[in-house]
Amino acid sequence: MHPLRIVILLLLLYILYRLLTGERRRPAAERPAASPPEHHDVLVEDPVCHAYVPKGQAVVLREGEVFRYFCSEHCREAFCAHRGEEA
Ligand SMILES: [Zn+2]
């Protein structure tokens with residue numbers, strides 16, 4: 001058989017396969033479209049109230065190379081004020 005005919009045959013089989021599987025549309029075969037980004041799933045601990053908050057929603061305080069994550073602006077301010085008292 002000519003190599004080109006094999007390619008055409010495979011292409012036709014592929015189209016046939018797509019038509020057959022496309023009509024059925026099994027939910028198990030499809031991947032869930034709405035999967036949240038991974039960084040939202042990472043939980044970080046608030047050093048003030050010790051609550052765990054998703055990294056994407058946390059209030060961030062950067063101290064040089066160190067990042068600190070807080071549940072709210074209030075906790076971040078409390079942390080800064082506490083550090084101010086110690087120093
Ligand atoms: Zn907090």
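1. A definition to start with: a residue is called buried under 20% relative accessible area, exposed over 50%, and partly exposed in between. By that reckoning E63, at 25% relative accessibility, is partly exposed because its value falls between the two limits. Please keep in mind throughout that this is a predicted model.

2. Now the overall layout. The protein chain has 3 helices and 4 strands, and their order along the sequence is α-α-β-β-β-β-α. Of the 87 residues in the protein chain, 11% are buried. You may like to keep that figure in mind when we come to the zinc ion and its ligands.

3. Which residues hold the zinc ion? The protein donors are D46 through OD, and C49, C71 and C75 through SG, at 2.1 to 2.2 Å from the zinc ion. The angles among the 4 donor atoms run from 95 to 121°, and the site is tetrahedral. For the geometry, the reasoning is simple: four donors count as tetrahedral if all angles lie between 85 and 135 degrees, and the range of 95 to 121° fits.

4. The spacing of these donors is worth a look as well. Along the sequence they follow D-x2-C-x21-C-x3-C. D46 sits in the loop between β1 (43–45) and β2 (52–54), while C75 belongs to helix α3 (residues 73–86); the two are 29 residues apart, and the pair links distant parts of the chain. Are D46 and C75 buried or exposed? Both are buried.

5. The loop between β1 and β2 also contains H50. Its backbone deserves a glance in your viewer: phi of H50 is near 60°, a positive value in a residue other than glycine. H50 is partly exposed, with a relative accessible area of 49%.

6. Just ahead of β1 comes V42, in the loop between α2 (38–41) and β1. V42 is partly exposed at 39% relative accessible area. Its C-alpha atom is separated by 8.2 Å from that of V53, a residue 11 positions away along the chain.

7. Next, the hairpin. Strand β3 (residues 59–63) and strand β4 (residues 66–70) pair in the antiparallel sense, with 5 bridges between them. R62 stands opposite F67 of β4. The hairpin has 2 residues between its strands, and there G64 takes a positive phi near 65°. If you are tracing side chains here, recall that in a regular strand they alternate between the two faces of the sheet.

8. How many salt bridges does the structure hold? There are 3. As background, side chains of opposite charge can pair when their charged atoms come close. One of the salt bridges joins R68 and E63, with an N to O distance of 2.5 Å. R68 is partly exposed, at 27% relative accessibility, and E63 is partly exposed too, at 25%.

9. E63 has a further partner: its side chain meets that of R83 in a salt bridge at 3.1 Å, N to O. Why does this pair tie together separate parts of the chain? E63 lies in strand β3 and R83 in helix α3, so the contact brings together parts that are 20 residues apart in sequence. R83 is partly exposed, with a relative accessible area of 39%.

10. Within helix α3 there is also the salt bridge between R76 and E73, at 3.0 Å, N to O. These residues are 3 apart, about one turn of the helix. R76 is partly exposed at 24% relative accessible area, and E73 is partly exposed at 41%. Salt bridges that share partners join E63, R68 and R83 into one network.

11. Finally, the surface. L4, I8, L11, L12, Y14, I15, Y17 and L19 form a nonpolar patch there, with about 840 Å² of accessible area together. L19 lies in helix α1 (residues 3–24). Is L19 buried or exposed? L19 is exposed, because its relative accessible area is 51% and the cut-off is over 50%.

Note on methods
Residues are numbered from 1 along each chain as its sequence is written. This is a predicted model: local features need pLDDT of at least 70, side-chain atom pairs count only at pLDDT 80 or more; totals for chains, interfaces and linings use all residues. Side-chain values use heavy atoms; hydrogens and water are left out. Donors are N, O and S atoms within 2.8 Å of the metal (3.2 Å for Na, K and Ca); water is not among the atoms, so sites may look incomplete. Four donors count as tetrahedral if all angles lie between 85 and 135 degrees; four count as square planar and six as octahedral if opposite donors are over 155 degrees apart and all others between 65 and 115; anything else is irregular. Buried means under 20% relative accessible area, exposed over 50%, partly exposed in between (1.4 Å probe, protein chains only). Two strands pair if DSSP finds at least two bridges between them. Patches are made of residues with over 30% relative accessible area and no salt bridge: like charges are joined within 9 Å, nonpolar side chains (Val, Leu, Ile, Met, Phe, Trp, Tyr) within 5 Å. Accessible areas come from the Shrake-Rupley method with a 1.4 Å probe; for residues, only the protein chains shown count as cover. A salt bridge is a side-chain nitrogen of Lys or Arg within 4 Å of a carboxyl oxygen of Asp or Glu.
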